[in-house]
Amino acid sequence: MRRIHTLSMKLFFVCGLGFIGIPSLQNAAFSSSSPPAQSSHSESAMGRCKALSVAQFMGAYRIDSVDRYAGGITSKDQANGFVGRTVEISGRVFKSAITHKTIVNPVYAISCYPALQTEGDVPIPHWGAYWSNFYGFGVNRKVIEVLEVYSQKSNADAIIDWFEIVRDGNTLLLWNLHDGWLYRMGKEVQSKK
């Protein structure tokens, strides 16, 4: 795991000099050809993540709660106004009530990122932000599982939106960090007619 931490610190330094937004640099820490040494607990968490399928996440997700994690221009009333609204994830369209983004024929991917566990290790930002565990949410995870949303029309490295996949028992929840707020959402259950 030391190799990731060393590379992460170098990339953070480079990003601190103004190179944030270069996707190939931001993701380089996790695309190493030789995987870092991990404990068996981390290996099983990484295996669970790699077993996830994009198809599992197709559907509508209801925003159940919001929590502030940092500053932003969205007020508490505005953030709470999203509770009950939905994010639609399908092969035909991606539509977010949070970011107001709509993508026709989106492309999805699931990525697995090791969560830093050693005090003093500095994480690199992903797409201009840190994972929620950096802010004190979901800190017991060994792996950060992420559902990524891309537009077929955009550059393959240009991510449109992303959601952390968080396990609550056997339930998979999606978390989205946007403008200082953590939006937690669960899949809406479709009633059988």
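# Exercises on a predicted model

His100 sits in the loop between strand 3 and strand 4 (102-104). The structure is a predicted model, and the exercises below start from this loop residue.

## Exercise 1. Two loop residues with positive phi

Task: describe the backbone and the exposure of His100 and of Asn105.

Solution.

Step 1. Take the backbone of His100: phi is positive, about 60 degrees, although the residue is not a glycine.

Step 2. Turn to exposure. The cut-off for exposed is over 50% relative accessible area. His100 has 58%, so it counts as exposed.

Step 3. Go on to Asn105, which is placed in the loop between strand 4 and strand 5. Its phi is near 55 degrees, again a positive value in a residue other than glycine.

Step 4. The relative accessible area of Asn105 is 37%, so this residue is partly exposed.

## Exercise 2. The overall layout

Task: state how many helices and strands the protein has, and give their order along the chain.

Solution.

Step 1. Count the elements: there are 4 helices and 9 strands.

Step 2. Read the order from the N terminus: α-α-α-β-α-β-β-β-β-β-β-β-β.

Step 3. Add the burial: 42% of the 193 residues count as buried.

Step 4. Look at the surface. About 10500 Å² is exposed, and carbon and sulfur atoms supply 54% of this area.

Step 5. Check the sequence range of the contacts. Of those between residues at least 6 apart in sequence, 62% join residues at least 24 apart.

## Exercise 3. The nonpolar cores

Task: find which residues have the most contacts inside the largest nonpolar core, and which strands each supply at least two residues to it.

Solution.

Step 1. The largest nonpolar core has 23 residues, and Leu174, Tyr183 and Met185 have the most contacts inside it.

Step 2. At least two core residues come from each of strand 1 (59-68), strand 2 (86-89), strand 6 (143-151), strand 7 (159-168), strand 8 (171-178) and strand 9 (181-187).

Step 3. Follow Met185 outward. Setting aside residues up to four places away in sequence, Met185 touches Tyr61, Arg62, Ile63, Asp64, Val87, Ile98, Phe163, Leu173, Leu174 and Asn176.

Step 4. Separate from this core is a second one of 15 residues, with Tyr69, Tyr113, Trp175 and Leu182 among them.

## Exercise 4. A glutamate in strand 7

Task: decide whether Glu164 is buried or exposed, and name the side chain with which its own side chain makes a polar contact.

Solution.

Step 1. Locate the residue: Glu164 belongs to strand 7.

Step 2. Residues under 20% relative accessible area count as buried. Glu164 has 0%, so it is buried.

Step 3. Find the polar partner. The side chain of Glu164 makes a polar contact with the side chain of Arg141, at 2.9 Å.

Step 4. List the surroundings. Apart from neighbours within four places in sequence, Glu164 is in contact with Trp131, Ser132, Arg141, Ile144, Glu145, Val146, Leu173, Leu174, Trp175 and Leu177.

## Exercise 5. The disulfide

Task: identify the disulfide, give its handedness and say which elements it links.

Solution.

Step 1. The structure holds 1 disulfide. Its partners are Cys49 and Cys112, with the sulfur atoms 2.1 Å apart.

Step 2. The torsion about the S-S bond of Cys49 and Cys112 is about -95 degrees, and therefore the disulfide is left-handed.

Step 3. Place the two ends. Cys49 is in helix 3 (residues 40-50) and Cys112 in strand 5 (residues 106-114); the pair links distant parts of the chain, 63 residues apart.

Step 4. Cys49 has 1% relative accessibility, so it counts as buried.

## Exercise 6. The aromatic pairs

Task: describe the geometry of the pair Phe82 and Tyr183 and of the pair Phe94 and Phe163.

Solution.

Step 1. The structure holds 2 aromatic pairs. Phe82 and Tyr183 are 5.6 Å apart centre to centre with 85 degrees between the planes, an edge-to-face pair.

Step 2. Phe82 lies in the loop between helix 4 (76-80) and strand 2, and Tyr183 in strand 9, so this pair ties together parts 101 residues apart in sequence.

Step 3. Both rings belong to buried residues: Phe82 has a relative accessible area of 9%, and Tyr183 has 0%.

Step 4. Phe94 and Phe163 also form an edge-to-face pair, 6.0 Å centre to centre and 65 degrees between the planes.

Step 5. Phe94 is in strand 3 (residues 93-96) and Phe163 in strand 7, 69 residues apart. Both Phe94 and Phe163 are buried.

Technical notes: Residues are numbered from 1 along each chain as its sequence is written. This is a predicted model: local features need pLDDT of at least 70, side-chain atom pairs count only at pLDDT 80 or more; totals for chains, interfaces and linings use all residues. Side-chain values use heavy atoms; hydrogens and water are left out. A nonpolar core is a set of buried Ala, Val, Leu, Ile, Met, Phe, Trp, Tyr and Cys residues joined through side-chain atoms within 4.5 Å. Buried means under 20% relative accessible area, exposed over 50%, partly exposed in between (1.4 Å probe, protein chains only). Contact means heavy atoms within 4.5 Å. Accessible areas come from the Shrake-Rupley method with a 1.4 Å probe; for residues, only the protein chains shown count as cover. A polar contact is a pair of N or O atoms within 3.5 Å; within protein, one must be able to donate a hydrogen and the other to accept it, and residues adjacent in sequence count only if both atoms are side-chain atoms. A disulfide is a pair of cysteine sulfur atoms within 2.5 Å. Rings of Phe, Tyr and Trp (its six-membered ring) pair if their centres lie within 6.5 Å; planes under 30 degrees apart count as stacked, over 60 as edge-to-face and the rest as tilted.
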